[in-house]
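Visitor: I would like a close look at a single part of this model, with enough of the surroundings to place it. Please take one strand and work outward from there.

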Amino acid sequence: MLDSMPSPAASPVLYTPSLTEYVRRKTITVPIGDVPMGSDYPIRVQSMTTVDTMDTLGSVEQSIRMIEAGCELVRITAPSVKEAQNLENIRNELRVRGYTTPLVADIHFTPNAAELAARIVEKVRINPGNYADRKRFEHIDYTDASYASELERIRDKFLPLVRICKEYGTAMRIGTNHGSLSDRILSRYGDTPVGMVESALEFLRICEDENYYNIVLSMKSSNPQVMVQAYRLLVQRLDEEGLKPYPLHLGVTEAGEAEDGRIKSALGIGTLLEDGIGDTVRVSLTEEPEFEAPVAKALIDRYTNRSALSQPIPAINSYPINPFQYTRRTTHEVANFGGQNVPRVIADFSRVLVSEHDVLHPIGHFYLPVPDKWRMNDLGADYIYTGSQPAQFMLPNGLKEIQDYAVWQTNADRINTFPLLTVDEYLHTPTGQLSKRLNFVRASLSDMSVLFMESLKHRDVEAVLVIRTDNAHAMPELRRLFVELINRGITTPVVIQRSYADVPDTDVPLFAATDAGGLLIDGLGDGIMLSAPAQPDSDELKKLNSLAFGILQAARTRITKTEYISCPSCGRTLFDLQETTAMIRQRTDHLKGVKIGIMGCIVNGPGEMADADYGYVGIGRDKIALYRGQQVIKKSVPAERAVDELIELIREDSRWIEPEKVETF
């Protein structure tokens, strides 16, 4: 047990009700039709249609599929007045069919559309970055007077909508997107979470001046680090300025598709839910929208009984982690862990006999008999843990083996094998009987005695902690352990181990991304080890290995593959986003570290893909614009040539490599 906690001066952390207990952040209640939103009610699930809003029947039928999949609010794009007007037809048809689910109009550049929609549907969403501004990507030096003048101009543009919402009882989401901040905000605050928060607060203050409080806020980004920091900062700022505690809509925008999209979403959304932040969730996947609701529901349901199922965690008196800016925990280097090394991936083979070369295929290591060589792909694990069953052949050079200490003691190979000890074994084994290069010590928070921590700090042993917990409130307990290490000045590298028993296979990526990703996103962790609760087959080993690398990539701590920032599609989309994403992925998924934005329309164009190296943006029927960063390079490229032109653009930057053909794989 923890012998005693240091009690340095208190450091207030206002963004969460508790860093150690699960407590929902207290908010006001915002009625959205007959669905109240806020901390006194369940966290709501929502999604957005992808059908053209002028297709009334298509929009209605897709909305029904979304509702039956679990959506409690349905958002529909209204880019112009005609789409806003058609929301009435969609709403009426849904009511005729017996569906009363509130509708949300998604507005970007057109105040007229917003003012019309606010009279029809239960909620409007505006993006403060483009509601009253046309983005010109210009840096303008504002004086305080000229900046204040800009705010007055915005007020004049925005007030009519506020007053209509107030009159009709319509709710509003002020939804900031990292990629579409106004030139005004970018010029003064930069492309930062601070700028995102200020962008929303400018509009929120106008609402409060009008005594209009039926508001939900969001801070979306395709980069989960930025997204999490912005939400935390928003909560802190609301409290500091004495503004009302509004409900928060959580989402990682343009998360992408399949497992990568789910990992990225869970990492951002789950990290905030762990701290009690969030009142509605939209998971943005480049898939049919009815597939999003089950993912959002799985993330939310994890907290239904969290408080009752959790074991108490010692309170934190001094929080040494900056929650608003990424800073990697300072560690010393042990072998290739810690220091400046990327986080390592350990594959758990303790329940699998490593007797044949092929058993390593799932973790990215391939033996080629003809040249008698090993090859490794981009997802090659760094270590395998074999427990009490040592590997029965010489492992490839890029792969090291971890054995239980009792087994390791009998092993003559001290170069390529390393011991895993319990805390008790570590404390009672003479230094001379340990590895001189690397010793893994498995520990939990309850093992953090003063004796153990003093030993970690002062004993001349090359140690790496492998931390685990059985607490339902897992991420906060592991974070508590990191806090203890930091506050005591212990720089030992740490590997995060997680295992999920009695959890559906579809939920494992969501939970692991939340638990491990929620730590990595704050700079905590030097490795990851995902273990199966029972004997895994080859497919499960492959999934866990891919998941580990996916989490590291989503947390931006180890980039091993191409990243696709693709929008989830909506009624504005000008091409088949899923088909196009698959086509681009097929040609480019070997480009390690390159980020490609794939956006269905100009609204979700250069702004939304702020984090991408290259952009593929629909600007008209069968017309594509190609971007380098946020700068358009090629306009009106015919769709049939657009992928080739994109590759040429990448080639011009010397970032293109030909895909390797290895048939043996």
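Guide: What follows starts from one strand, moves to its partners, and then turns to the chain as a whole and to a few individual residues.

The model is a predicted one, and the part chosen here is strand 19, which covers residues 494-499. Five of its six residues are buried, so strand 19 is largely enclosed by the rest of the structure; buried here means a relative accessible area under 20%.

Strand 19 has parallel pairings with two strands, and each can be described in turn. With strand 18, residues 463-467, the two strands run parallel and are joined by three bridges, and within this pairing Val466 has Val495 of strand 19 as its bridge partner. With strand 20, residues 527-531, strand 19 again runs parallel, this time joined by five bridges, and here Gln497 stands opposite Met529 of strand 20. As a general point, the strands of a sheet pair through backbone hydrogen bonds, in either a parallel or an antiparallel sense. The connection from strand 18 to strand 19 involves helix 14, residues 474-487, and these three elements together make a β-α-β unit that is right-handed.

To place the strand in the chain, the domain assignment gives domain 1 as 30-306, domain 2 as 344-555 and domain 3 as 563-653. The centres of domain 1 and domain 3, taken over C-alpha atoms, are separated by 24 Å. In total the protein chain has 19 helices and 25 strands.

A second parallel arrangement involves strands with lower numbers: eight strands form an open sheet in the order 8-7-6-5-4-3-10-9, with parallel pairing. Strand 8 (215-220) and strand 9 (249-250) stand at its edges, and each has a single partner strand, so one side of each is left without a neighbour in the sheet. Within this sheet, strand 3 (residues 44-48) pairs with strand 10 (residues 280-281) in the parallel sense over two bridges, and Arg44 has Thr280 of strand 10 as its bridge partner.

For the chain overall, the radius of gyration is 26 Å, which agrees with the value near 26 Å that a compact globule of 665 residues would have, while the C-alpha trace spans about 75 × 60 × 55 Å along its principal axes. Buried residues account for 61% of the 665 residues. Of the contacts with a separation of 6 or more, 69% are between residues 24 or more positions apart. The accessible surface comes to about 25500 Å², and carbon and sulfur atoms hold 49% of it.

Three individual residues complete the picture. Asp539 is placed in helix 17, residues 538-554, and counts as partly exposed at 43% relative accessibility; Asp539 and Pro362 are 177 residues apart in sequence, yet their C-alpha atoms are 7.0 Å apart in space. Arg556 lies in the loop between helix 17 and strand 21 (563-566), is partly exposed with a relative accessible area of 21%, and has a phi near 65°, a positive value in a residue other than glycine. Ser636, in strand 25 (residues 631-638), likewise has a positive phi, near 55°, and counts as partly exposed at 40% relative accessibility.

Key. Residues are numbered from 1 along each chain as its sequence is written. This is a predicted model: local features need pLDDT of at least 70, side-chain atom pairs count only at pLDDT 80 or more; totals for chains, interfaces and linings use all residues. Side-chain values use heavy atoms; hydrogens and water are left out. Buried means under 20% relative accessible area, exposed over 50%, partly exposed in between (1.4 Å probe, protein chains only). Helices (H or I, at least four residues) and strands (E, at least two) are DSSP runs, numbered from the N terminus. Two strands pair if DSSP finds at least two bridges between them. A crossover is right-handed if, with the strands pointing away from the viewer, the path from the first strand over the helix to the second runs clockwise. The radius of gyration is taken over C-alpha atoms; the globule rule is 2.2 Å times the number of residues to the power 0.38. Contact means heavy atoms within 4.5 Å. Accessible areas come from the Shrake-Rupley method with a 1.4 Å probe; for residues, only the protein chains shown count as cover. Domain bounds come from an automatic or database domain assignment.
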